[in-house]
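I sat down with this one to see how the chain is put together. These are my notes, in the order I looked things up.

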Amino acid sequence: MGATICCNQEAAPKVEAVQVDQQSFSADDTLAMTFRTNTSPDSAKLVVKFKKGPLGMSFNQKAMPMVIKSVTEGGEAGILGVQAGMMIEKIGDEDISETTYEDAFALMRSMVEKLPKA
């Protein structure tokens, strides 16, 4: 499955949530993502290691930087401490701060596809 795009009836920005099917996965594999607590380059960092998908977070479609708009209650992101307003800085070892949205989202999708489904 691909991304799910959600929006309310008003002219709110489109939001994407990553959802994927289960693939082969070794118990030692994780998806590390580095978040900034806000959009300031000097804000504190949080490194999160996802072990299963979907990640349970959404962000505006086609917008960089990728700022978390919502976190699913009880989802992986929320359990691991991700909060709305945080900015994704790295996906795996790849710094996405100078990357296009399309490239960053494709990278995230390809890495999430390797995680088992919750």
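**Notebook: a walk through the fold**

I started with a lysine in a loop: Lys62 counts as exposed at 53% relative accessibility. My cut-offs are over 50% relative accessible area for exposed, under 20% for buried and partly exposed in between, with a 1.4 Å probe and protein chains only. Lys62 sits in the loop between β5 and β6. Its phi is positive, about 65 degrees, although Lys62 is not a glycine.

Before going on, I noted the ground rules. This is a predicted model, where local features need pLDDT of at least 70, side-chain atom pairs count only at pLDDT 80 or more, and totals for chains, interfaces and linings use all residues. Residues are numbered from 1 along each chain as its sequence is written, and side-chain values use heavy atoms, with hydrogens and water left out.

**Entry: the overall layout**

I counted 2 helices and 8 strands in the protein chain. Helices (H or I, at least four residues) and strands (E, at least two) are DSSP runs, numbered from the N terminus. Along the sequence, the pattern reads β-β-β-β-β-β-α-β-β-α.

I then looked up the chain totals. Of its 118 residues, 36% count as buried. The accessible surface is about 6800 Å², and 48% of that belongs to carbon and sulfur atoms. These areas come from the Shrake-Rupley method with a 1.4 Å probe; for residues, only the protein chains shown count as cover. Among contacts with a separation of 6 or more, 55% are between residues 24 or more positions apart. Contact here means heavy atoms within 4.5 Å.

**Entry: the loops around β5**

Back in the loop that holds Lys62, I found Pro65 as well, between β5 and β6 (68-71). The Met64 to Pro65 peptide bond is cis, with omega near 0 degrees. I also found a cis peptide bond joining Gly53 and Pro54, with omega about -5 degrees. Pro54 is in the loop between β4 and β5.

In strand β5 itself I checked Ser58. Ser58 is buried, at 6% relative accessible area. Its side chain makes a polar contact of 2.5 Å with the side chain of Ser70. A polar contact is a pair of N or O atoms within 3.5 Å; within protein, one must be able to donate a hydrogen and the other to accept it, and residues adjacent in sequence count only if both atoms are side-chain atoms.

**Entry: the open sheet**

Which strands form the open sheet, and in what order? I got 4 strands in the order β4-β3-β7-β8, with antiparallel pairing. The edge strands are β4 and β8 (94-95), each pairing on one side only. Two strands pair if DSSP finds at least two bridges between them.

β3 and β7 are joined in the antiparallel sense by 4 bridges, and Phe35 stands opposite Ile88 there. β7 and β8 also run antiparallel, with 2 bridges. Across that pair, Ile91 faces Glu94 and Lys90 faces Asp95. Their hairpin has 2 residues between the strands, and Gly92 takes a positive phi near 65 degrees.

Why is β7 largely enclosed by the rest of the structure? Because 4 of its 5 residues are buried. I looked at Met87, which is in β7 and is buried at 11% relative accessible area. Leaving aside neighbours within four places in sequence, Met87 is in contact with Thr34, Phe35, Arg36, Asn38, Thr39, Pro65, Met66 and Val67. So the cis-bonded Pro65 turns up again in the Met87 list. I also noted that Met87 and Ser43 are 44 residues apart in sequence and 9.9 Å apart in space, C-alpha to C-alpha.

**Entry: the nonpolar core**

Last, I went through the largest nonpolar core, which has 22 residues; Met33, Phe35, Phe50, Met57 and Ile88 touch the most other members. A nonpolar core is a set of buried Ala, Val, Leu, Ile, Met, Phe, Trp, Tyr and Cys residues joined through side-chain atoms within 4.5 Å. β3 (31-36), β4 (45-50), β5 (57-60), β7 (87-91) and α2 (101-112) each supply at least two residues of this core. α2 gives the most, with 5 residues.

For Phe50, I listed contacts beyond four places in sequence; they include Met33, Phe35, Leu55, Met57, Leu80, Val82 and Leu115.
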